[in-house]
Amino acid sequence: QVQLVESGGGLVQAGGSLRLSCVASVKIFSINAMGWYRQAPDKQRELVARITNGGTTNYADSVKGRFTISRDNVKNTVYLQMNVLKPEDTAVYYCNGEKVLTDHTKYDYWGQGTQVTVSS
């Protein structure tokens with residue numbers, strides 16, 4: 001079982017920055033892709049950023065140029081650097097891990113979430 005623990009959320013003014021961290025209980029190189037999702041009140045959970053084992057990244061259009069995802073395989077940690085934060089970035093942010101086995105069975109692992117609140 002993979003456990004993911006997020007930290008780094010908080011309250012920040014618009015235009016400010018935060019860095020989220022997600023520590024995994026296993027070697028993250030064994031996980032095919034790591035990502036950050038967010039869910040705002042009364043909205044569906046959405047992908048924010050994702051990074052594969054090979055380092056390929058993709059971002060939601062709404063955060064491109066402002067957010068950066070990175071991974072440290074030695075520390076088994078994934079980061080989300082969030083700059084120029086906007087009130088619409090307010091949400092609970094969840095760390096996700098995707099593991100695909102050789103038989104193509106896919107497992108999704110989730111952290112407990114960390115609240116990010118951006119005041120205007």
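Here is a short set of questions and replies about the predicted model above.

Me: Before we start, what should I know about the numbering and the cut-offs?
Reply: Happy to help: residues count from 1 along each chain as its sequence is written, and side-chain values use heavy atoms, with hydrogens and water left out. As this is a predicted model, local features need pLDDT of at least 70, totals for chains, interfaces and linings use all residues, and side-chain atom pairs count only at pLDDT 80 or more.

Me: In what order do the four strands of the open sheet lie?
Reply: Strands here are DSSP runs of E, at least two residues long, numbered from the N terminus, and two of them pair if DSSP finds at least two bridges between them. E1 (4-7) and E7 (67-72) each have a single partner strand, so one side of each is left without a neighbour in the sheet. The pairing is antiparallel, and the order is E1-E3-E8-E7.

Me: Which residue of E8 stands opposite Phe67?
Reply: E7 and E8 (residues 77-82) are antiparallel partners, joined over six bridges. The residue facing Phe67 from E8 is Met82.

Me: Which residue in E3 is the bridge partner of Ser7?
Reply: E1 and E3 (residues 18-24) run antiparallel, with four bridges between them. Within E1, Leu4 and Glu6 make up the covered face, while Val5 and Ser7 are on the uncovered one. Across in E3, the partner of Ser7 is Ser21.

Me: How far apart in sequence are the parts that the disulfide ties together?
Reply: A disulfide is a pair of cysteine sulfur atoms within 2.5 Å, and the sulfurs of Cys22 and Cys95 fit that at 2.0 Å. The link is left-handed, with -80° about the S-S bond. Cys22 lies in E3 and Cys95 in E9, so the parts tied together are separated in sequence by 73 residues.

Me: Is Arg38 buried or exposed?
Reply: Buried means under 20% relative accessible area, exposed over 50%, and partly exposed in between (1.4 Å probe, protein chains only). Glu46, at 35%, is partly exposed. Arg38 has a relative accessibility of 6%, so the word for Arg38 is buried.

Me: Which residues are linked with Arg38 in a network of salt bridges?
Reply: A salt bridge is a side-chain nitrogen of Lys or Arg within 4 Å of a carboxyl oxygen of Asp or Glu. Arg38 meets Glu46 at 2.7 Å, N to O, and Asp89 with its closest N and O atoms 2.9 Å apart. That second pair links distant parts of the chain, 51 residues apart: Asp89 is in the loop between E8 and E9, Arg38 in E4. The network links Arg38 with Glu46, Arg66 and Asp89.

Me: Why is the pair of Tyr37 and Trp110 called edge-to-face?
Reply: Rings of Phe, Tyr and Trp (its six-membered ring) pair if their centres lie within 6.5 Å; planes under 30 degrees apart count as stacked, over 60 as edge-to-face and the rest as tilted. The centres of the Tyr37 and Trp110 rings are 5.0 Å apart, so they pair, and the name edge-to-face follows from their planes, which are at 70°.

Me: Over which ring does the charged end of Arg45 sit at 3.8 Å from the centre?
Reply: A charge sits over a ring if NZ of Lys or CZ of Arg is within 6 Å of the ring centre and within 35 degrees of the ring normal. Arg45 also sits over the ring of Trp110, 4.6 Å from its centre. The ring at 3.8 Å belongs to Tyr94.
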